[in-house]
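Here are my quick notes on this one, set out point by point. Have a look at the fold first, then read on.

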Amino acid sequence: MGSLDGKVAFITGSGRGMGRAHALELADRGADIMVHDLRAAEADETAAMVRAKGRRAIVSHDDVTDVAAMAAFAAKGERELGRIDILVNNAGIGAERTGIDEVTPEWFQRMLDIHVKGTFFTTQAVVPGMKQRRAGKILNVSSMWAMTGNPYGATYIAAKAAILGLTKAWAKEFAPYSICVNAIAPGSVYSQMVIERDGIEAAKKRWELIPLKRPAQPEEISYSVAFLCSPEADFITGQVLSQNGGFAIVGI
């Protein structure tokens, strides 16, 4: 797969799990990394791991919903690292394990703020530099559930579906500037967040329903991220790739 030498990647929610895997995979391919996570210790650890690979890293501990703070970090990246070539909108929280009756207005708003507002305004902060350079890759992280639905987690599904809408709209809006915008929609991934939320035994029962009989490892998702952010994907925009082990096979 193509080199990312000389590129700078801004990855939200990269303190652990898939976000950390994305950061390390892109660093392995030559990119310098803008690490972001509200969990300060985990963000700092990811940055140290990136630097151990010989790549530069700067860190933000801001809330992704803080528009001014995220814009300031984007400006810092342009100033200190020279450019932002890649944005991976990965920051998120897990779905509620309830139906509609137990959803509070506060939970509803927080879910949309993190996934949709965070994705929208972080992208807004990064795009001017990409437009000026007439190049860039934006990769939005959605979910298989945004394509298939689920018996619970409606606010999460709505937020992740909105991200698919942003991906399609931005692909056409930014195309005149040679900025490619795509999304991934992972299915089950073995991650700390999933284990903390559901417990290992409940997770294993869900994984048995996957045709490949296992969840993805975070780095398996990162391979797709790296491809879609690489020069090999320069003619791919507005598309959604779902890594789900065959659980959801969606027709064209």
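**Notes on β2, its neighbours and the cysteines**

1. In β3, His 36 has Ser 60 as its bridge partner. Keep in mind that this is a predicted model. The pair belongs to a longer contact: β2 and β3 (residues 57–60) run parallel and are joined by four bridges. Between them sits helix α2 (residues 40–52), and β2, α2 and β3 form a right-handed β-α-β unit.

2. On the other pairing, strand β1 (residues 8–11) also runs parallel to β2, with four bridges between them. One place to look is Val 8, which stands opposite Asp 32 in β2. The chain gets from β1 to β2 by way of helix α1 (residues 17–28), and that β-α-β crossover is right-handed.

3. What about β2 itself (residues 32–36)? The strand is mostly covered, with five of its five residues buried. Asp 32, Met 34 and His 36 point one way, while Ile 33 and Val 35 point the other way. That fits the usual picture, because side chains in a regular strand alternate between the two faces of the sheet.

4. How many disulfides does the structure hold? Zero. Cys 180 is in no disulfide, and the nearest cysteine sulfur, that of Cys 229, is 10.0 Å away. A disulfide would need the two sulfurs within 2.5 Å. Seen from the other end, Cys 229 is in no disulfide either, with the sulfur of Cys 180 as its nearest at 10.0 Å.

5. Are these cysteines buried or exposed? Cys 180 is buried, at a relative accessible area of 7%, and Cys 229 also counts as buried, at 4% relative accessibility.

Definitions and conventions:
Residues numbered from 1 in each chain as written. Predicted model: local features only at pLDDT ≥ 70, side-chain atom pairs only at ≥ 80, totals over all residues. Heavy atoms only, no water. Buried < 20%, exposed > 50% of the residue type's maximum accessible area, 1.4 Å probe, protein only. Helix = DSSP H or I, 4+ residues; strand = E, 2+ residues; numbered from the N terminus. Pairing = 2+ DSSP bridges. Right-handed = clockwise from strand over helix to strand, strands pointing away.
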